[in-house]
Amino acid sequence: MDAISVIRTKRDRGELTPQQIDWVIDAYTRGEVADEQMSALAMAILLNGMNRTEIARWTAAMIASGERMDFAALSRPTTDKHSTGGVGDKITLPLAPLVAACGAAVPQLSGRGLGHTGGTLDKLESIPGWRAHLSNEEMLHVLNTTGAVICAAGDGLAPADKKLYALRDVTGTVEAIPLIASSIMSKKIAEGTGALVLDVKVGSGAFMKTVEDARELASTMVALGTDSGVRTVALLTDMATPLGLTAGNALEVRESVEVLAGGGPKDVVDLTLALAREMLDAAGLKDADPEKALADGSAMDVWRRMIAAQGGDPDATLPVAREQHVVTAPASGVLTRLDAYDIGVAAWRLGAGRARKEDPVQAGAGVELHAKPGDHVTEGQPLLTLHTDTPEKFAYALDALPSAYDVSPAGTPFTATPVVRERIA
């Protein structure tokens with residue numbers, strides 16, 4: 001077996017054999033296949049695709065490159081959620097404790113932001129003392145004592161994916177649906193959860209810009225999960241407009257706590273409840289009432305215990321950026337568009353995100369929204385507030401915003417896109 005013959009097979013639109021896939025993943029993980037050879041194979045996969053058999057074997061080979069976690073000792077059924085990433089997507093923060101308050105165990109392995117999309121771990125690290133990195137023993141302890149844990153995946157979980165993900169990021173192959181699907185599902189299956197709900201974003205602020213691409217990705221991942229014995233369902237959710245009224249780290253934590261306290265923006269609450277119901281149903285807890293758990297404070301209680309169990313202070317004051325700049329409405333009328341991608345880029349440029357994995361982020365940086373599409377605005381009223389510790393970043397962020405929103409004359413018809421667009425099982 002050699003790398004060149006594997007590359008040629010896919011370059012020439014052939015089907016990779018199970019033996020080829022097992023060998024190339026193992027050899028790449030060990031360093032026998034060079035980065036430039038795996039780059040060529042990844043590009044061939046992007047251009048020529050993979051069938052379901054190939055994707056399933058590729059995913060299995062990545063799982064086999066590392067360890068698998070086992071939650072069989074837990075007294076609760078396990079259920080997890082994965083989002084493909086978006087702008088203002090703080091849903092994991094209220095969702096994990098909410099589902100735990102309803103009787104499930106939620107082992108939520110999360111990641112960091114890159115580019116215009118925010119990362120759950122970056123958001124939670126704005127809470128003083130909170131730790132993202134836990135040993136397997138610590139993770140199980142937090143799960144046993146609180147019902148939910150949100151932490152970073154350990155190095156032993158699908159190491160082939162970690163190596164390949166970094167390579168895809170710098171070779172223009174991030175968008176390959178077979179590689180996205182196998183990347184996500186190898187980690188989730190290796191994580192050992194019994195049920196999985198996928199939040200597949202679609203729109204300008206998502207990696208999948210069209211419903212057709214999002215549907216293909218969701219269907220591929222649902223099939224991978226189902227074939228591996230994990231009860232899997234996917235929701236296609238809107239990411240043309242940012243979720244909620246904030247994009248940034250501490251800003252989104254503050255908004256998540258508002259949701260847990262029974263308030264918060266309607267779209268965030270609606271999506272949190274929709275995903276919670278799917279997770280509980282997949283876990284066999286059909287009679288649980290997540291809306292009640294939000295209203296009676298039990299979800300907030302789990303949040304506070306979970307944050308404290310990971311070293312954080314749930315009562316601590318969250319960081320606030322030193323500088324603010326207000327963007328006002330250019331005219332009176334109806335706000336008919338607020339582009340998620342442009343808002344995400346502005347938040348990233350203000351310091352909320354990173355261009356490279358090793359870049360630091362500012363806890364207080366981001367964008368606060370004062371109106372959402374469908375709202376009436378008056379000329380000169382605050383539309384956005386930009387937050388950063390480094391005011392020289394304002395000009396760079398403002399460059400992303402001239403085409404970020406449309407204000408149409410009063411009376412212009414407006415129909416909101418539902419936050420949940422489709423369900424795929």
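**Loops, sheet and cores in a predicted model**

Me: Arg13 has its place in the loop between helix 1 (3-11) and helix 2 (18-30). Is Arg13 buried or exposed?

Reply: The model is predicted, and its loop between helix 1 and helix 2 holds Arg13. The phi of Arg13 is near 65°, a positive value in a residue other than glycine. The relative accessible area of Arg13 is 69% and the cut-off for the upper class is over 50%, so Arg13 is classed as exposed.

Me: Which loop holds Ala158, and is Ala158 buried or exposed?

Reply: The loop between strand 3 (148-152) and helix 8 (159-169) contains Ala158. Ala158 is not a glycine, yet its phi is positive, at about 45°. Its relative accessible area is 1%, and the limit is under 20%; therefore Ala158 is buried.

Me: How many residues of strand 3 are buried?

Reply: Strand 3 pairs with strand 2 (residues 106-110) in the parallel sense, over 5 bridges. Within this pairing, Leu109 stands opposite Cys151 of strand 3, and Cys151 has a relative accessible area of 0%. Strand 3 is mostly covered, the number of its buried residues being 5 of 5.

Me: How many disulfides does a search of the whole structure find?

Reply: Cys102 is buried, at a relative accessible area of 15%. Cys151 is likewise a buried residue, at 0%. A disulfide requires cysteine sulfur atoms within 2.5 Å, and the search of the whole structure returns a count of 0.

Me: Which strands stand at the edges of the open sheet of 4 strands?

Reply: The open sheet has antiparallel pairing and the strand order 6-9-11-7. Its neighbouring strands are turned by 15° against each other on average, direction ignored. A strand with a single partner has one side left without a neighbour in the sheet, so the edges are strand 6 (246-248) and strand 7 (323-328).

Me: Which residue of strand 9 stands opposite Ala247?

Reply: Strand 6 is joined to strand 9 (residues 366-369) by 3 bridges, and the two run antiparallel. Among the contacts of Val367, with neighbours within four places in sequence left aside, are Ala247, Ile343, Leu350 and Leu384. Ala247 has as its opposite residue in strand 9 Val367.

Me: At about what angle does helix 15 run to strand 9?

Reply: Helix 11 (residues 249-260) lies across strand 6, strand 9 and strand 11 (382-388), at about 135° to strand 6. Helix 15 (residues 340-352) also packs on the sheet, where it touches strand 6, strand 9 and strand 11. The direction of helix 15 makes with that of strand 9 an angle of about 135°.

Me: At roughly what angle do the axes of helix 5 and helix 11 cross?

Reply: Helix 5 (residues 92-101) and helix 11 have axes that come within 8 Å. The contact involves Leu93, Pro94 and Pro97 of helix 5, together with Val253, Ser256, Val259 and Leu260 of helix 11. Helix 5 passes helix 11 in a right-handed crossing, and the axes cross at roughly 35°.

Me: Which helix gives the most residues to the largest nonpolar core?

Reply: The largest nonpolar core has 74 residues, of which Trp303, Ile343, Val367 and Leu384 touch the most other members. A further core lies apart from this one and has 61 residues, including Ile7, Val24, Ile45 and Phe71. In soluble globular proteins, nonpolar side chains tend to be buried together. With 9 residues, the helix that gives the most to the largest core is helix 12 (266-282).

Me: Is Asp122 buried or exposed?

Reply: Asp122 has its place in helix 6 (residues 120-124). With neighbours within four places in sequence left aside, it is in contact with Arg112, Gly113, Asn249, Arg354 and Val361. Its relative accessibility is 5%, against a cut-off of under 20%; Asp122 therefore counts as buried.

Me: How far apart in space are Arg231 and Trp130, C-alpha to C-alpha?

Reply: Arg231 is found in strand 5 (residues 231-238) and is partly exposed, at a relative accessible area of 45%. Its contacts, leaving aside neighbours within four places in sequence, are Gly194, Ala195, Leu196, Ala282 and Ala283. Arg231 and Trp130 are 101 residues apart in sequence, and their C-alpha to C-alpha separation in space is 31 Å.

How values were computed:
Residues numbered from 1 in each chain as written. Predicted model: local features only at pLDDT ≥ 70, side-chain atom pairs only at ≥ 80, totals over all residues. Heavy atoms only, no water. Core = buried A, V, L, I, M, F, W, Y, C linked by side-chain atoms within 4.5 Å. Buried < 20%, exposed > 50% of the residue type's maximum accessible area, 1.4 Å probe, protein only. Contact = heavy atoms within 4.5 Å. Pairing = 2+ DSSP bridges. Axes fitted to C-alpha atoms, helices over the stretch in contact; angles between N-to-C directions. Left-handed = near helix turned anticlockwise from the far one by under 90°.
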